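Welcome! Take a moment to look over the sequence and the model, then try each exercise before you read its solution.

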Amino acid sequence: MPWPLAQSLRLKITVFVFPSDISVIGFDDVLLSRYSRPKLTTLNYPIEDMAANAALLALEYRESPEQYSAPEGLKYLPSLVTRESTIRNKSR
């Protein structure tokens, strides 16, 4: 079980009420996060883009390892998937 889900279950057994007392956020948008109670807010990374770029880089390296230069500055921005385990901060 993913760590944030396990922790939310553990906290739910205690006296915390989600999300008014405590918020929990995951980082990999696993399938269980959509079906947990409360549904887990999480980050969704562009895994398909990351895998496609990794495959292209591996192929480039295989073609000419001595001329290969690792790219700099590749960034993958996650998107926030807001579900039931968090609430907006009302002080902002």
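The exercises below start with the whole chain and then turn to single residues.

**Exercise 1. The overall layout**

Find how many helices and strands the protein chain has, and state in which order the elements run from the N terminus.

*Solution.* Keep in mind that this is a predicted model. Step one is the count: the protein chain has 3 helices and 2 strands. Step two is the order, which reads α-α-β-α-β from the N terminus on. Step three adds the surface: about 7,400 Å² is exposed, and carbon and sulfur atoms supply 58% of it. As for the inside, buried residues make up 21% of the 92 residues. Finally, look at contacts with a separation of 6 or more: 58% of them are accounted for by residues 24 or more positions apart.

**Exercise 2. A residue after strand S2**

Decide whether Ser-85 is buried or exposed, and list which residues Ser-85 is in contact with, leaving aside its neighbours within four places in sequence.

*Solution.* Begin by locating Ser-85: its place is in the segment after strand S2 (79-81). Next, compare its relative accessible area with the cut-off. The value is 1%, and buried means under 20%, so Ser-85 counts as buried. Now collect the partners. With neighbours within four places set aside, Ser-85 is in contact with Pro-19, Ile-22, Ser-23, Val-24, Pro-38, Lys-39, Leu-40 and Thr-41. One of these, Val-24, offers its backbone oxygen, which the side chain of Ser-85 reaches at 2.5 Å.

Now carry on to Thr-86, which also lies in the segment after S2. Outside its neighbours within four places, Thr-86 is in contact with Pro-19, Ser-23, Val-24 and Thr-41. With Thr-41 there is a polar contact from side chain to side chain, at 2.8 Å.

**Exercise 3. Following the charges**

Work out how many salt bridges the structure holds, and which residues are joined into one network by salt bridges that share partners.

*Solution.* A general idea helps first: side chains of opposite charge can pair when their charged atoms come close. The structure holds 3 salt bridges, and we can take them in turn.

1. Asp-29 meets Arg-34 through their side chains, at 3.6 Å from N to O. Arg-34 counts as partly exposed, at 36% relative accessibility.
2. Asp-29 also meets Arg-83 in a salt bridge, at 3.1 Å from N to O. Asp-29 lies in the loop between helix H1 (3-13) and helix H2 (32-35) and Arg-83 in the segment after S2, so this pair ties together parts that are 54 residues apart in sequence. Both Asp-29 and Arg-83 are buried.
3. Glu-84 forms a salt bridge with Arg-37, with the closest N and O atoms 3.9 Å apart. This pair links distant parts of the chain, 47 residues apart: Glu-84 is in the segment after S2, and Arg-37 is in the loop between H2 and strand S1 (42-44). Glu-84 is partly exposed, with a relative accessible area of 37%, whereas Arg-37 is exposed, with 51%.

To finish, look for shared partners: Asp-29, Arg-34 and Arg-83 are joined into one network.

**Exercise 4. Two phenylalanines in a loop**

State for Phe-18 whether it is buried or exposed, and do the same for Phe-27.

*Solution.* Start with the location. Phe-18 is found in the loop between H1 and H2, and Phe-27 is found in the loop between H1 and H2 too. Then check the accessibility. Phe-18 has a relative accessible area of 15% and is buried, while Phe-27 has 51% and is exposed. Add the surroundings: Phe-18 and Pro-38 are 20 residues apart in sequence, with C-alpha atoms 7.1 Å apart in space. Phe-27, together with Tyr-45 and Ile-47, makes a nonpolar surface patch of about 310 Å².

**Exercise 5. A pair of rings**

Find how many aromatic pairs the structure holds, and describe how the rings of Tyr-61 and Tyr-68 are arranged.

*Solution.* The count is 1 aromatic pair. Tyr-61 and Tyr-68 form it, with 5.4 Å centre to centre and 90° between the planes. Angles over 60 degrees count as edge-to-face, so that is the name for this arrangement. Last, check the exposure: Tyr-61 counts as partly exposed at 45% relative accessibility, and Tyr-68 counts as partly exposed at 24%.

Terms used
Residues numbered from 1 in each chain as written. Predicted model: local features only at pLDDT ≥ 70, side-chain atom pairs only at ≥ 80, totals over all residues. Heavy atoms only, no water. Helix = DSSP H or I, 4+ residues; strand = E, 2+ residues; numbered from the N terminus. Buried < 20%, exposed > 50% of the residue type's maximum accessible area, 1.4 Å probe, protein only. Polar contact = N/O pair within 3.5 Å; in protein donor to acceptor, adjacent residues only side chain to side chain. Contact = heavy atoms within 4.5 Å. Areas by Shrake-Rupley, 256 points an atom, 1.4 Å probe, with all protein chains shown as cover. Salt bridge = Lys/Arg side-chain N within 4 Å of Asp/Glu carboxyl O. Patch = residues over 30% accessible without salt bridge, like charges linked within 9 Å, V, L, I, M, F, W, Y side chains within 5 Å. Phe/Tyr/Trp six-rings, centres within 6.5 Å; stacked < 30°, edge-to-face > 60°.
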